[in-house]
Amino acid sequence: MTAATGMAQRKAGPGRLPSAASEQLVTWLKRDALPFWFEKGWDAKRGGFHETFFFDGTPDTLVLRSTAVQWQQIYVCTQAWQLGWGDGIRLACRGLERMIEKAWAPDGQPGFVHMLAPNGSVADPQRDTIDHAYAIMALTALARATGDPKLRALLDMVMTFVETALTDAAGDLRDGLPDGDRRHQATTLAILAALLGAVEHLSHPEAALRATRHRRLLERALLDKTTGLLPEAYDHAWRPIRDENDASVVVPAQMAEWTAIIRRYERLYGQPASPLATHFLGAALRAAEPRHGFLIDAINTHQEVVSGTRSLASQSALIRAWLAQAEAGIDRADEAADPMIEALISTYLSGPFRGGWYEKFNASGEVSIDTVPASGLFQVFLVAQDARRYYGA
């Protein structure tokens, strides 16, 4: 069955009543977060989006800027405009112009560089594959929003670069260029998510074929069949990297991300709901702290805590996993998503300034990072966007 056929058969229908929690989250985005970041997130003096803000609401003008964050902001600006949540399309186009001018092939080699200095000079010339996943997401959103064939051509150019330069002879993704001695499943996860966006919103045929190939890697190589977990890192033969105690690091949020990705793949390709997505969510929840049910950031395959911190990105992944389960018809999954959204609002989104957030808490529940990374906007926006799709609000 093709992706297009699957979409026709399993298109999600609106009509559910929005939950109070999801409405509160969307209101916070539209009233507080998006206005702040649209006004102050752009560097009016030097161009580009600010990477991070201090707790007093002023930008850190010295920190390096990752191209991943630039693409995330472009995506949010575009999608907010598309959803009628804010007038971000012109800012998105300015961000795109900046990326083309400063980050694409400044050294004469194709691809986007990894890091820029605040003045736009190259700070890290690596070509990171996850950066290019965010580029595909943002360009897909822009191409869909504007209908501009030049943006579709640019998207195709970036996808071709990923396929030819960032993919090995076996068809698996490298982490970047220059190639290292490891592979990380987060790379496949990010590219697969980006490709599914191109399938869903542009009916992109090459994206559909490549997404199928990367989806198959999950059972073929990534899943540790002994523990039922997804290790974070592998060697080039897809053997998990283990420490001296024969344990591999596991990021629970990545298993939650896979839950959402599997459900999205099934929805687009017309496949029945598989138990694997539910299994990954259950495995992730074994690393949830007891008070709010937030995911801690890292465990290992021995079920030992590696990092007891709790990042905003981890909770975003967990909530989106529950929403994906609900959309797939898994009983009472929406009842699990709502309390998590409420907890997110009352903790992470409770400060330090209007439209800002706390990025990370330590194991004792104390704020552990004293800045507000711009990447948090992307994480919260994805939750609100998925809630809107599920509830049809």
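User: Which residue in E10 stands opposite valine 250?
Analyst: This is a predicted model, in which local features need pLDDT of at least 70, side-chain atom pairs count only at pLDDT 80 or more, and totals for chains, interfaces and linings use all residues. Residues are numbered from 1 along each chain as its sequence is written, and side-chain values use heavy atoms, with hydrogens and water left out. E9 and strand E10 (residues 298–300) run antiparallel, joined by two bridges. In E10, the residue opposite valine 250 is isoleucine 299.

User: Which strands are the edge strands of the sheet E9-E10-E11?
Analyst: Strands (E, at least two residues) and helices (H or I, at least four) are DSSP runs, numbered from the N terminus. Two strands pair if DSSP finds at least two bridges between them. The sheet is open, and its pairing is antiparallel. The strands that pair on one side only are E9 (249–250) and E11 (305–307).

User: What is the order of the strands in the open sheet that holds E3?
Analyst: Strand E3 (residues 115–116) is joined to E4 by two bridges, and these strands run antiparallel. Methionine 115 is placed opposite aspartate 124 in E4. Strand E2 (65–66) and strand E4 (122–124) are the edge strands. The order is E2-E3-E4.

User: What is the mean pLDDT of the chain?
Analyst: pLDDT is the predictor's confidence in each residue, from 0 to 100. Here 96% of the residues reach 70 or more. The mean is 94.

User: Over which residues does pLDDT stay under 50?
Analyst: Where pLDDT is low, the predicted coordinates should not be read in detail. The stretch in question has 24 contacts (heavy atoms within 4.5 Å) beyond four places in sequence. Its pLDDT stays under 50 over residues 1–13.

User: How many of the 18 residues of H5 are buried?
Analyst: Helix H5 covers residues 129–146. Its expected span (1.5 Å times one less than its number of residues) is 26 Å, and its end C-alpha atoms are 26 Å apart, which agrees. Buried means under 20% relative accessible area, exposed over 50%, and partly exposed in between, with a 1.4 Å probe and protein chains only. H5 is largely enclosed by the rest of the structure, because the number of its residues that are buried is 15.

User: Which residue, with a positive phi, follows H5?
Analyst: At the start of H5, a side-chain oxygen of aspartate 128 comes within 3.0 Å of the backbone nitrogen of isoleucine 130. After H5 comes a residue with a phi near 70°, glycine 147.

User: Is tryptophan 37 buried or exposed?
Analyst: Tryptophan 37 sits in helix H2 (residues 20–40). Its contacts beyond four places in sequence include Phe53, Gln73, Trp357 and Leu377. Tryptophan 37 is also one of the residues with the most contacts inside the largest nonpolar core. At 2% relative accessibility, it counts as buried.

User: How many residues does the largest nonpolar core have?
Analyst: A nonpolar core is a set of buried Ala, Val, Leu, Ile, Met, Phe, Trp, Tyr and Cys residues joined through side-chain atoms within 4.5 Å. Among those with the most contacts inside the largest one are Leu29, Tyr75 and Phe280. Tyrosine 75 touches Met137, Phe378 and Leu382, among others beyond four places in sequence. The number of residues in this core is 131.

User: How far apart are the end C-alpha atoms of H13?
Analyst: Helix H13 has 17 residues (375–391) and should span 24 Å. It is mostly covered, with 14 of the 17 buried. Glycine 392, just after H13, has a positive phi of about 70°. The end C-alpha atoms agree with the expected span, at 25 Å.

User: What is the relative accessible area of threonine 301?
Analyst: Threonine 301 lies in the loop between E10 and E11. Among its contacts beyond four places in sequence are Asp224, Asp246 and Val250. Threonine 301 is buried, with a relative accessible area of 9%.

User: Which residue is joined to leucine 177 by a cis peptide bond?
Analyst: The residue lies in the loop between strand E6 (176–177) and strand E7 (183–184). The bond's omega is near 0°. It joins leucine 177 to proline 178.

Note on methods:
A polar contact is a pair of N or O atoms within 3.5 Å; within protein, one must be able to donate a hydrogen and the other to accept it, and residues adjacent in sequence count only if both atoms are side-chain atoms.
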